[in-house]
Amino acid sequence: MRFYEYESRQIVQRSGIPVSPHGFATTPLEARRAAEEIGGPTVIKSQVLTGGRMKAGGVQFADTPADAERLAAQVLALEIGGHMPRGVLVDSRAAVKQEYYAGVTWDGTRKQPVMIFSDEGGIDIEDVANVGRRHLSTLRDPSDFEAKELIASVGVTGRALTRLTPIVARLARLFAEHDMTLAEINPLAELEDGSFVALDAHMDMENEARPRQKALLDALGVRDEETRQAREATAFELAGEAVDATDHRGVAGNVTEFDGDLGLVIGAGGGSLTLFDAVRAHGGKPANYCEIGGNPSVAKTCGLAKLVLQKPGVEKIAVMMSIVSNTRVDIVARGVIKACLELGHDPAEKIAIFRIPGAWEEEGFKILERYGVPYADRSVSLDEAARRAAA
Amino acid sequence: MSILIDADTTFIVQGITGREAVNLTRECLDYGAGAKVVGGVTPGRLGRDVHGVPVFDTVAQAVSHHGGPIDGSVVTVPPAFTKDAVFESITNGIRLVVIVTERIPRRDVAQMVELASAHGARIIGPNCLGIIVPDVIKMGGIGGPARDAAKAYTPGPVGVISRSGGMTTEMSSTLSAAGLGQSTAVSIGGDAIIGSTYAELMPLFEADEQTKAIVIYTEPGGRMEAQLAAYGPALPVVAFMAGRFMDEMPGMSFGHAGTIVEGKEDTATEKIARLQAAGIAIAERIEDIPDLVRQAIGAPA
């Protein structure tokens, strides 16, 4: 999950890393007050979870508090990449002597975190030549000397080395402590007055760690229902989550909305990905993506099928999975037939195809036959099933 | 032969009294020659049994009861307790840990992997269904109940490695129907960091005389396919790539925790290009896999 810039600043600050004077504002008046408190010229930055702020006009430079108020009103009303801002960050414009880059992320191949440091900051780290990298053990806390060795490896010495070392070490420790997937300070700046501060920060935390990071999330005011994915969940997707939450057994959810007319009740993880590709390859227009797996109950499967069937524009549903070994074919069959019947539909009409082979398939196929639902066993491939669904 | 496990492999099930673990234990005992499940661990349940398998409070008790080292463990405990369970099994001399549990934070996985590598142990998973050697043994829920597993898996020359548990069975079933059996099939898990990647399992398959070709199931997200391409497998490899639609939806996670396009390098398009450049054949559909395998090993169609 992603954090807004103003939250990332708080996270950095909480771990003892100095940040430039700033304020968060949701109204133009609040922005003015923040600018007054900071004193001097400020930058007004849109708080959106998407890139391209600068290009879109979401970053404005104000000379006076009155300017800050006027520009904040502009930025607060500006939609960027389909996102309305959560607010604006009012930041001081400090005189910078030297910019650095410091980041920590996962190296999936080495299976360890890697600290990255450069004496060129403020730009994309991919475009920087003089970059140092150092992997970290996960079995002990990152130590100051590891940060020191990294910083020294790019040729930084003297006072800058001794001042930067604790900042980079704290960044590495907060990455570990808070289950981050990215913790980045860019730029990390030495100001003309000789102080070292984080001028911008970017934090991403792992979704799986949300339960154990509740204290941090509460402190930042992040609510449980904020998914913080690339885009916020739609009402249809939230309804899918609600279906999945009805009981703890199995999965019938992970719904993503699309704008086609073919409803999909598909699974499991890999099967859903394969089937979604196949439906599209055959010219089908999916109304949704979803996943069934881990043997969900009849009620839960029925709930998911009903949700998809009731989506405006959905003509038919296709019920398809890769061969199941845990999820039961008969239970899914009962669930989707029940959904059709409860909504007053003929299952034979509404279900374009049922292709789920595997555990309890004989029982499942019997039920499907009774209701005249077209079904297929494992001799019909996922691709062929998708072709029939899209036809 | 096979990789990782064979008919003599002994293992325990950690979290054995859980609903899914009870089923999994039954399936493993029933399949092939019958797995040597020498114990189960659930704290506080010492003295019970699950389908005749004795339950212990600690891994140390299970090892002591067995009277010698135990080869493996299938870990099914909830995500908050998985790391501790895996540390316990590794510390008690277990060398092969299959982690079924999903939704484990990445840091915990990395810690388990680091401890395992310090002890010369191997982790498969997390978020996986385990390992199967057709007609011989299965370790984990892979393939489901014995009679279902027997429908999909048959012995033969193809090694299967898959990021999706269900697709391991779908692909193996397709191979079996075409007369191509499997030497060993491994569900490696769908998380961002996993214990054993394609490239890390490849040397084992290459050392196995029975294995003539490898089939892999891949997805967008991560660098595992790039790692395989860089490794340059000595055996012919056929790959199937699911989730091509995700290239249009960066930052959205589908299917598995690790399946998210975070950069250009982990798109389906980029991975396909890398795999092809390394001489790996890409199957457009699952049903195209058997012919590609036959071509790769020079067998008649």
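Leaving aside its neighbours within four places in sequence, which residues is A:S137 in contact with? The answer is A:Q112 and B:E114, so that one contact of this serine lies in its own chain and one lies in chain B. The model discussed here is predicted. This briefing begins with that serine, then turns to the interface between the two chains and to one helix of chain A.

**The serine A:S137**

- A:S137 is located in the loop that runs between strand β7 (131-135) and helix α5 (144-153) of chain A.
- A:S137 counts as buried because its relative accessibility is 18%, and the cut-off for this class is under 20%.
- Within chain A, a polar atom of the A:S137 side chain lies 3.0 Å from the backbone nitrogen of A:L139.
- Across the interface, the side chains of A:S137 and B:E114 make a polar contact at 2.5 Å.

**Extent of the interface**

- On the chain B side, 58 residues are in contact with 47 residues of chain A.
- The two chains bury about 4200 Å² between them, and carbon and sulfur atoms give 53% of this area.
- In chain B, the residues that lose the most area to chain A are B:R107, B:E114 and B:F245, which together account for 17% of what that side buries.
- B:E114 therefore appears twice in this account: as a partner of A:S137 and among the residues of chain B that lose the most area.

**Polar and charged links between the chains**

- Eight salt bridges are counted between chain B and chain A.
- One of the salt bridges joins B:K151 to A:E361, with the closest N and O atoms 2.9 Å apart.
- There are also 22 residue pairs in polar contact between the chains, with both residues at pLDDT 80 or more.

**Make-up of the chain B side**

- Helices α1 (19-30), α4 (106-118), α5 (146-152) and α6 (165-177), together with strand β13 (237-241), each give two or more residues to the side of chain B that touches chain A.
- Helix α4 of chain B supplies the largest share, eight residues.
- By type, the residues on this side comprise 22 nonpolar, 18 polar and 18 charged.

**Helix α9 of chain A**

- Helix α9 of chain A covers residues 269-281 and has 13 residues.
- From first C-alpha to last, this helix reaches 19 Å, close to the expected 18 Å.
- Eleven of the 13 residues in α9 of chain A are buried, including A:L273, A:F276 and A:D277.
- Just after this helix, A:G283 takes a positive phi of about 85°.

Terms used:
Residues are numbered from 1 along each chain as its sequence is written. Chains are lettered from A and ligands numbered from 1 in the order in which they are written. This is a predicted model: local features need pLDDT of at least 70, side-chain atom pairs count only at pLDDT 80 or more; totals for chains, interfaces and linings use all residues. Side-chain values use heavy atoms; hydrogens and water are left out. Contact means heavy atoms within 4.5 Å. Buried area is the accessible area (1.4 Å probe) that two parts lose on being put together, summed over both. A salt bridge is a side-chain nitrogen of Lys or Arg within 4 Å of a carboxyl oxygen of Asp or Glu. A polar contact is a pair of N or O atoms within 3.5 Å; within protein, one must be able to donate a hydrogen and the other to accept it, and residues adjacent in sequence count only if both atoms are side-chain atoms. Helices (H or I, at least four residues) and strands (E, at least two) are DSSP runs, numbered from the N terminus. Ala, Val, Leu, Ile, Met, Phe, Trp, Tyr, Cys and Pro count as nonpolar, Asp, Glu, Lys and Arg as charged, and the others, Gly among them, as polar. The expected span of a helix is 1.5 Å times one less than its number of residues. Buried means under 20% relative accessible area, exposed over 50%, partly exposed in between (1.4 Å probe, protein chains only).
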